Amino acid sequence: MNQKLENLLQLALQTPEETRVRTEDLNIGFDGRTRTWEVIVKYHGSLDILEVLNVRVEYLIAGYALLTVPEGLVEAVAELEQIEYVEKPKRFFYEVIGPTEDSCIQQLSRRDLSLSGRGILVAVADSGIDYRLPEFRNTDGSTRIRFLWDQTLQPGGEERRPPEGFGIGVEYDSRQINAALAEENPQRQFELLPTVDTSGHGTAVAGIAAGSSSGYIGVAPEAELLIVKLGLPEAGSFPRTTEIMRAVTWAVRKALELQMPLAMNLSFGNSYGAHDGSSLLERFLDNAAEIGRTVICVGSGNEGASAGHLAGRIGENERRADIELTVAEYETGLNIQLWKNYSDIYRIRLRSPGGQESELPISIEGGKYTLRLEQTEILVYIGEPTPYAAAQEIYLDLIPIGRPYINSGVWTVRLEAVKSVTGRYYFYLPGGAARSSTTGFYRPTPDVTLTIPSTAAKVITVGAYDSTYQSYADFSGRGYADTERTIGVVTAGIAKPDLVAPGVGVPAPDIYGSYLPVTGTSFSAPIVTGSAALLMEWGIVRGNDPFLYGEKVKAYLRAGAQPLRGETQYPNERVGWGRLCVEESLPR
């Protein structure tokens, strides 16, 4: 077992491709045409030696890089002294289920009528943008987008190049965008700038954060925009960790190049991981947030009421726990994560809906174990702590055998304590967007349902509330209320989320030129991103506080947060320090 490789990557490398493609996650990062793996690495020194191994390197920031490695060389590359840790990409899902009226933004405008985000870059990495809409143009019709990087386009020719240092997509600057806008013929516009936001998600997010037109005003209507249309490696797929890390690196570099403060929005997440800040993506975002004058805002996710998490404890009197989950019909696959303290040793038995049972080995050489219950094959990986993570993971991947679907009904995981020190256990299923709405735990735990990467320490984690009723939105990912949690950032005293913003029925521009109400933490996050831009304009651009960026913006927003109906203690796991109120977040 190579301790430099994360558990999921080790399981993928030990699993034949014909089996991996039948799972939800194991084959993500593998390109069957080129027979290569795309992986994320933390490294030190130089990676020039990889050239002789035919490994492509994309350097990111803060000692991170993306490698494209021939499938037979992944473990050899990991053995290099310069490589500290290696992870495979994960899929991320958009967090979908008057922004200015419910966050004290209009009150702030009355204090300073010209505060509008001028001089600040707002970066949105999402599904793209409809650059033609008036919300993203100046009064003279020119674009407010400084740069647009479409990761899905194929480079070619002088006017279709990827950004410097990257090998995918095409970057356009404001000159090229304005040239397309000057064309009256839509076909000619598309030829000059063939980028399309097919879902409208990114257009809505950008509009909420920084839109401006006669019919709609976003939070920071005079901020300049950096837009990334995230790459979709497969048709009908979702962005991966690697596309997001490229986007963040690009935005931070642009801000340094332009010498402008940056507020960046990330409205997506997933449920794979210990939720403790230990993954490379979480650590990467912590590092990125400390480069230049940067603030990164991330939605807390929509998993609060999805029944995808269960936590518990095996105590002195009760040495056994039965964890039951229902699997809906027509589920093509499902993975189950168990995270626990390495000091605790549990005997684990798995029972299928038809009553077949099997006991998992407590440990096994290489970590991988395979069993079969009814018409379902279960890939088991028994992990070890790594240099980057103290928690132990036991990963179960359910795959159908001889039929399209795994066995539906009630599956039971029984834990029996062999050695109980903390007795704690934490189960996670894939996010609600990746499974049936009726697949979930019978007695779920709503706490610690933040999606990754909103679990990163240095980002501003944004939950959602219903501004109509002034109450917490039950779908919003909850954070850390479990004071006895024995793995993760809770033990370091970090509380999440940081605050909540309106996330139910938020009006936003759509790709058809109208406005629709949208719901989800995807749309809470850009309200806070735009608000961060306003604070940074007041502090940095106006000279009131040249150090108003990074953790200081978070501190100001927390300090100005206001109480919410039904919440009596702050911070708490549902709403953090309270609801966003920008006016109260600035010194008087």
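This section describes the sheets, helices and nonpolar cores of a predicted model.

Local features were accepted at pLDDT of at least 70 and side-chain atom pairs at pLDDT 80 or more, while totals for chains, interfaces and linings use all residues. Residues are numbered from 1 along each chain as its sequence is written, and side-chain values use heavy atoms, with hydrogens and water left out.

Helices (H or I, at least four residues) and strands (E, at least two) are DSSP runs, numbered from the N terminus. Two strands pair if DSSP finds at least two bridges between them. One open sheet holds 6 strands in the order β16-β25-β18-β23-β22-β21, with antiparallel pairing. Its edge strands are β16 (309-313) and β21, each paired on one side only. Neighbouring strands are turned by 15° against each other on average, direction ignored. Here axes are lines fitted to C-alpha atoms, for helices over the stretch in contact, and angles run from 0 to 180 degrees between N-to-C directions.

Within this sheet, β18 (residues 334-340) and β25 (residues 424-428) pair over 4 bridges in the antiparallel sense. K340 stands opposite Y425 in β25. Helix α1 (residues 7-14) packs on the sheet and touches β21, β22 and β23 (392-400). Contact means heavy atoms within 4.5 Å. The direction of α1 makes about 130° with that of β22.

At the β21 edge, β21 (residues 368-373) and β22 (residues 376-382) are antiparallel and share 6 bridges. L373 has T376 in β22 as its bridge partner. The two strands form a hairpin with 2 residues between them. In the turn, E374 has a positive phi of about 55°.

Another open sheet has 5 strands, in the order β20-β19-β24-β17-β26, again with antiparallel pairing. β20 (357-360) and β26 (440-441) stand at the edges with a single partner strand each, so one side of each lacks a neighbour in the sheet. β19 (residues 345-351) and β24 (residues 409-419) pair over 7 bridges. L350 faces V413 in β24.

The helices were examined for burial (buried, under 20% relative accessible area; exposed, over 50%; partly exposed in between; 1.4 Å probe, protein chains only). Helix α7 (residues 201-210) is largely enclosed by the rest of the structure, because 10 of its 10 residues are buried. Among them are H201, T203 and I208. α7 packs against α10 at an angle of about 35°, with the axes 7 Å apart. The crossing is right-handed, that is, the near helix is turned clockwise from the far one by less than a right angle. H201, A204, V205, I208 and A209 in α7 meet S522, F523, P526, I527 and G530 in α10.

Helix α8 (residues 241-258) is mostly covered, with 15 of its 18 residues buried. Its end C-alpha atoms are 26 Å apart, which agrees with the expected span of 26 Å at 1.5 Å a residue. That span is 1.5 Å times one less than the number of residues. Just after α8, Q259 takes a positive phi of about 55°.

A nonpolar core is a set of buried Ala, Val, Leu, Ile, Met, Phe, Trp, Tyr and Cys residues joined through side-chain atoms within 4.5 Å. The largest core has 57 residues, and I460 and V553 have the most contacts inside it. Its largest share, 11 residues, comes from helix α10 (residues 521-541). Residues touched by I460 include V295, V298, L499, V528, V553 and L557, with residues up to four places away in sequence not counted. Apart from this core lies another, of 42 residues, among them I40, F147, V228 and L285.
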